[in-house]
Amino acid sequence: MTTAAPAPAEPTLDDLDVPTVTARHFGLAVLALAMGGFAIGTTEFVTMGLLPQIAGGVDVSIPTGGHVISAYAVGVVVGAPVLAFLGARLPRRALLLALMAAFAVGNSVSALATSYEQLMLARFAAGLPHGAYFGVASLVAASMARPSRKGRAVSQVMLGLSVANVLGVPAATVLGQELGWRAAFWAASGLAVLTLALVAWFVPSVPGDTDASGRRELSAFKVPQVWLTLLAGAVGFGGMFAVYTYIAPVVTDVAGLGERSVAIFLLSFGLGMVAGTWLAGIMADWSIFRSLIIGGVGMAAALLAFWVAAPHGWALLPIVFLITTLGSVLVVNLQLRLMDVAGDAQTLGAAMNHASLNIANALGAWLGGLVIAAGWGLRAPALVGLGLSLAGVAILLLSATLHVRGRASTSD
């Protein structure tokens with residue numbers, strides 16, 4: 001009589017080189033990581049709400065002052081690959097602490113800036129840790145979770161960025177309006193210091209990749225699937241920003257609502273981000289790629305609905321919520337896909353997602369502005385967004401086609 005071989009043991013946290021983490025400690029660790037996202041999201045978006053005060057504070061026009069927003073975005077794009085490249089071998093908790101410390105310094109210097117040039121440099125510096133922090137935090141969260149719940153773990157980290165749009169940005173905006181724009185940057189710096197304490201206390205020590213090297217990290221850029229995923233994010237997610245950037249004049253001039261209603265629409269954007277980030281984790285644990293396709297196609301449909309509903313007042317509100325819900329599904333699943341397709345260069349791959357998304361921000365806003373300037377009306381950016389979303393889906397389908405062909409050629 002033979003006995004059946006024992007079933008293989010389910011992978012444990014020890015298999016992932018991470019100390020055993022209880023459910024309670026896992027929740028606290030993820031909360032600590034998400035607090036960093038909350039701090040980053042607050043400082044990234046509060047600049048838009050305080051732009052007139054900031055411009056006046058450094059004696060420039062509002063259009064010129066808007067360049068400080070671009071300086072932060074450029075910092076994200078530059079910092080994501082550079083800091084991931086330099087920090088791949090470092091213990092991941094230590095790297096998180098270093099990145100958040102740099103973020104605190106960047107915001108403190110922003111608060112102290114006395115000239116436009118100083119503020120530009122400070123905002124660039126504050127943006128440098130952004131992408132690398134989210135990339136490393138996502139890797140740490142995934143390593144602490146069971147394999148079947150990695151998507152939810154990453155989405156919980158990203159939830160901090162979404163909640164910032166609901167709570168952090170409005171609160172910091174009011175603070176800046178009442179106490180001066182510098183107070184908002186001091187608040188962001190304080191949130192970064194709080195994150196430092198929480199990460200040091202609750203996040204377990206996670207070793208870096210001792211086999212990592214500059215050459216190996218850069219090898220991610222030799223992988224076509226990495227480029228296609230980055231391109232899908234830079235193009236497809238631009239659809240949301242084409243609408244988000246011009247939401248205020250659409251609400252007042254097209255929908256015919258009062259100025260005070262703009263805040264309600266912005267709140268709807270933020271709540272949609274929270275809902276979408278939560279939903280994205282569940283969908284990712286089902287299928288990352290299918291979630292990306294659903295998010296892209298769904299956003300295209302929602303942007304078309306935005307164009308149709310824009311003249312009809314409050315009918316536009318639930319559509320705004322839907323757009324950011326689907327956008328957040330894209331963000332989380334793009335992060336997870338990059339972690340998958342980057343191979344051994346996971347640190348760089350994970351960090352590059354936010355560089356891609358900041359390019360989407362710039363692309364969507366720029367193209368939306370072009371069609372408005374061309375006289376096509378304030379609704380036109382929604383159609384631009386529709387085109388960008390469908391282009392993103394096309395890139396993802398190309399990615400899938402190449403993946404299938406690659407597997408077929410390998411099997412042959």
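Which helix does G385 lie in? Hi everyone, let's start there. G385 sits in helix α17, which covers residues 380-411. Before I go on, please keep in mind that this is a predicted model.

Is G385 buried or exposed? G385 counts as buried, because its relative accessibility is 0%. If we set aside its neighbours within four places in sequence, G385 is in contact with G239, A242 and L303. There is also a nice long-range relationship to look at on the screen. G385 and V235 are 150 residues apart in sequence, yet C-alpha to C-alpha they are 9.3 Å apart in space.

Now, on to the aromatic residues. How many aromatic pairs does a search of the whole structure find? The search turns up six. One of them is F241 with Y244, a tilted pair at 6.4 Å centre to centre, with 40° between the planes. Both residues belong to helix α11, residues 238-244, and they are three residues apart, about one turn of the helix. F241 and Y244 are both buried.

Y244 has another ring partner, F269. That pair is tilted as well, with the centres 4.5 Å apart and 40° between the planes. Here the pair links distant parts of the chain: Y244 is in helix α11, while F269 is in helix α13, residues 261-286, and the two are 25 residues apart. Both Y244 and F269 are buried. If you step back, ring pairs join F237, F241, Y244 and F269 into a cluster.

One more ring to show you, this time with a charged neighbour. R379 lies over the face of W307, at 4.2 Å from the ring centre.

Hold on to F237 and Y244, please, as we move to the empty spaces. How many cavities of 30 Å³ or more are there? The count comes to three. The largest cavity holds about 240 Å³ of space. It is lined by 19 residues, and those closest to its centre are L161, F237, M273, V331 and L357. So F237, a member of our ring cluster, turns up again in that lining. Several helices each supply at least two residues of the lining: α1 (23-49), α7 (150-179), α11, α13, α15 (317-341) and α16 (346-373). The largest share, four residues, comes from α16.

And then there is the largest pocket, with a volume of about 1,300 Å³. Which residues are closest to its centre? Of the 38 that line the largest pocket, they are F45, M48, G49, Y244 and T245. Y244 is the residue we just met in two ring pairs, with F241 and with F269. The elements that give two or more residues to the lining of this pocket are α1, α4 (67-87), α7, α11, α12 (247-254), α13 and α16.

Let me finish with a serine. S108 has its place in helix α5, residues 92-112. Why does S108 count as buried? The reason is its relative accessibility of 18%, since the cut-off for buried is under 20%. Not counting residues up to four places away in sequence, S108 touches W186 and S189. With S189 there is also a polar contact of 2.8 Å between the two side chains.

That's my tour; thanks for listening, and I'm happy to turn the model around for anyone who wants another look.

Key:
Residues are numbered from 1 along each chain as its sequence is written. This is a predicted model: local features need pLDDT of at least 70, side-chain atom pairs count only at pLDDT 80 or more; totals for chains, interfaces and linings use all residues. Side-chain values use heavy atoms; hydrogens and water are left out. Rings of Phe, Tyr and Trp (its six-membered ring) pair if their centres lie within 6.5 Å; planes under 30 degrees apart count as stacked, over 60 as edge-to-face and the rest as tilted. Buried means under 20% relative accessible area, exposed over 50%, partly exposed in between (1.4 Å probe, protein chains only). A charge sits over a ring if NZ of Lys or CZ of Arg is within 6 Å of the ring centre and within 35 degrees of the ring normal. A polar contact is a pair of N or O atoms within 3.5 Å; within protein, one must be able to donate a hydrogen and the other to accept it, and residues adjacent in sequence count only if both atoms are side-chain atoms. Contact means heavy atoms within 4.5 Å. On a 1 Å grid over the protein atoms alone, a cavity is a set of points where a 1.4 Å probe fits but cannot get out, and a pocket is an open set with protein on both sides within 12 Å along at least five of seven lines; lining residues have an atom within 4 Å of a point. Grid points are joined across faces, edges and corners, and a volume is the space filled by probe spheres set on the points.
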